[in-house]
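Biologist: Walk me through this one, please.

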Amino acid sequence: MKKSDYKNMWVYIEHDGVTAEPVGLELCCELRRLCDTTGDKLYAVIIGDLPAAEQEKIIDCGIDGIIAVHGTGYDFLNTDAYANAFTVLSRKYNPSAIFVGGTIFGRDFAPRFAVQLDTGCTSDAMQLEYDPETGDIQFIEPAVGGKIMAVITVPVMRPQIGTIRPGTFKYAPTGKKPDLERIEEEINFDPAAIRVRPLGFEPDDNDPELDIANADCVVCVGNGLKDVEHLERYRTLAKLLGGKIGCTRPLYDRGILPYKLQIGQSGVMVKTKLYLSFGVSGAVNHTAGVDADVFVAVDKNPEAQIFNYCDYGIVGDMDEVCDELIAQLRARQA
Amino acid sequence: MLNILVCVKQIPDVDLVKMDPETGNLVRAGVPTLTNPLDLNALEAAVRVKERFGGKITLITMGPPAAEETLRECLAVGGDEAVLITGRPFGGADTLSTSYTIVKAAEALGAFDLIFAGKETLDGATGQMASQLAERFDASQISCCFTIEDIADGKIRATRTLETGRETVEATLPCLITVEKDNFYGRLPNLKAYLEAKTAPITTFTENNLPGLDMQKIGVPGSGTIVPKIYPPELPEPGQMIRTGSVKTDVNRLVELLAEREAI
């Protein structure tokens, strides 16, 4: 088969039987745009039962059709049955591309069916473009620690598979299409052949300090931080501003702050009114995770890339600037 | 006795890799290398399993001859054997062909009960290798493992971190495991182990002595993905820099600006 014989794009809709993960909707919205340029049809692949109201939300993203899969093996998320379902479906319908949300589950099972289908798989693209000359999708993403942008393609094999992190694309539904196609498929996987079984689940404590995605103000501390003893002042500043503290990846890597506070593409995406960064260099992987009304950057390096993303920048010692800001805010509040 | 495989990679220090502005190529020459940090967490988990349940640890890597350094570093921490896959035809491989090559070499060594791998590398950062290795090993997979509870009767019980909490799972062997580093900080080698590792024998596979190797499935020909182009990120125009002469006056000006925008 020639690669031009592979047509249409699919989005996997991860769900728990009650609600669909937002990343599936985000991908449908973004791929609507891409399919409008390639001429492909866009299908949502739903495995197992999902309430009609949730399906309406997906339809509202402008998809052309739904592939609904039923059968045995889907009582809980598992890589064995789900990877098999995609391999079976893909061999039957030969899609040009399959997109999967980059959740822990999505990142587990999509690379597996890529191997089963013997095709190329990419992860974490931040931008999707189409090259009409080659007919390939360009998966564009930061590489080498965010210093460069890399264009990745699947030049020969099909389907082109991509996992995309939640929050990368915006949920902006363009509305329902008039004639929606609905394909029903029965694919059975022997439940006894599922190799990983859940025995129990303990939800995380809901520590509000670790929930920073929608905080009004975030004080982000980067690798410029000398050591953990210097951290307390940033907590004080965050408190004064009614905000929360966050960090960049190196601080998590150094064991100073927990993963849930890591802001950026591979951590939390934050939407905030006021964002203050201290000692953050400004790698694309980090700034991609920041959506701020007002962005303040403080760093000792005047050439730091972070100053390209800020509204207001101060070049200086991060601790000194923080201490001074605390003093002046306190004086103002007094 | 458990037969344990740990997959490791030597990577360039990404902080020091630069892009040649003329050619658009990455300049790696002279850039120091290190063992991918998350691989050391995977190794730590493997060593703990060996200490508790007994077993033998084989280390495996693919890379240039210098990747031997990474194998020796890991041997010193806790490995019994080390395997290097090296050769020009393996170069330029993506995860599809790398996973094929590593599993081919592992098959030549025997059958493994447990395979440990880093969650991702700092250089490629696809995070796909572990899943693709698991698929090719026909193994179950526990990603983001937090604790290993028990291994018995061909099964492993463990906890893993999900987005909203912690799940306890049971998986059949063979099983591929990636770990949360928070619970598996790597140990330092002792001096004796360090010295022994310096001269320990290393098994080397090349394209010439790997049994049943399909040359179309390795290196560039076996890769699903290519990188046709790299470019520097487009940066937005810099923001307003506050340069009033002192920290005190800079901060004062910042507070004024934030107040004007009703941000504080």
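Modeller: One term up front: buried is under 20% relative accessible area, exposed is over 50% and partly exposed is in between (1.4 Å probe, protein chains only). This is a predicted model, where local features need pLDDT of at least 70 and side-chain atom pairs count only at pLDDT 80 or more, while totals for chains, interfaces and linings use all residues. Residues are numbered from 1 along each chain as its sequence is written, chains are lettered from A and ligands numbered from 1 in the order in which they are written, and side-chain values use heavy atoms, leaving out hydrogens and water.

Biologist: OK. Is B:Glu262 buried or exposed?

Modeller: B:Glu262 counts as exposed, at 70% relative accessibility. This residue sits in the segment after α6 of chain B and has a positive phi of about 55° despite not being a glycine. Helices (H or I, at least four residues) and strands (E, at least two) are DSSP runs, numbered from the N terminus.

Biologist: Which other residue of chain B, not a glycine, has a positive phi?

Modeller: B:Asp138, with phi near 55°. B:Asp138 lies in the loop between α4 and β9 of chain B and counts as exposed at 53% relative accessibility.

Biologist: And chain A, what does A:Asp118 do just after α4(A)?

Modeller: A:Asp118 takes a positive phi of about 55° there. The helix before it, α4(A) at residues 104–116, has 12 of its 13 residues buried, so it is largely enclosed by the rest of the structure. Among the buried ones are A:Arg107, A:Asp108 and A:Arg112, along with A:Phe105, A:Phe109 and A:Phe113.

Biologist: Where are the cis peptide bonds of A:Pro159 and B:Pro174?

Modeller: One joins A:Arg158 and A:Pro159, with omega about -5°, and A:Pro159 is in the loop between β8 (148–153) and β9 (160–164) of chain A. The other joins B:Leu173 and B:Pro174 at an omega of about 0°, with B:Pro174 in the loop between β11 and β12 (175–179) of chain B.

Biologist: Switching to sheets. In what order do the four strands of the open sheet run?

Modeller: The order is β6(A)-β7(A)-β8(A)-β14(B), with antiparallel pairing; two strands pair if DSSP finds at least two bridges between them. β6 (127–131) of chain A and β14 (226–231) of chain B are at the edges with a single partner strand each, so one side of each has no neighbour in the sheet. Five bridges join β6(A) to β7(A), residues 136–143, and A:Tyr130 has A:Ile137 as its bridge partner in β7(A).

Biologist: What packs on the sheet, touching β6 and β7 of chain A?

Modeller: That's helix α1 (22–38) of chain A, its direction making about 10° with that of β6(A). Contact means heavy atoms within 4.5 Å, and angles run from 0 to 180 degrees between N-to-C directions of lines fitted to C-alpha atoms, for helices over the stretch in contact.

Biologist: Now the interface. How much area do chain B and chain A bury between them?

Modeller: About 6,400 Å², 57% of it on carbon and sulfur atoms; buried area is the accessible area (1.4 Å probe) two parts lose on being put together, summed over both. B:Glu135, B:Tyr231 and B:Arg261 supply 9% of what chain B buries against chain A, more than any other three residues. The contact takes 80 residues from chain B and 69 from chain A.

Biologist: How many salt bridges are there between chain B and chain A?

Modeller: Seven, a salt bridge being a side-chain nitrogen of Lys or Arg within 4 Å of a carboxyl oxygen of Asp or Glu. A:Arg249 forms one with B:Glu120, the closest N and O atoms being 3.0 Å apart. On the side of chain B that touches chain A, α6(B) gives the largest share, 10 residues.
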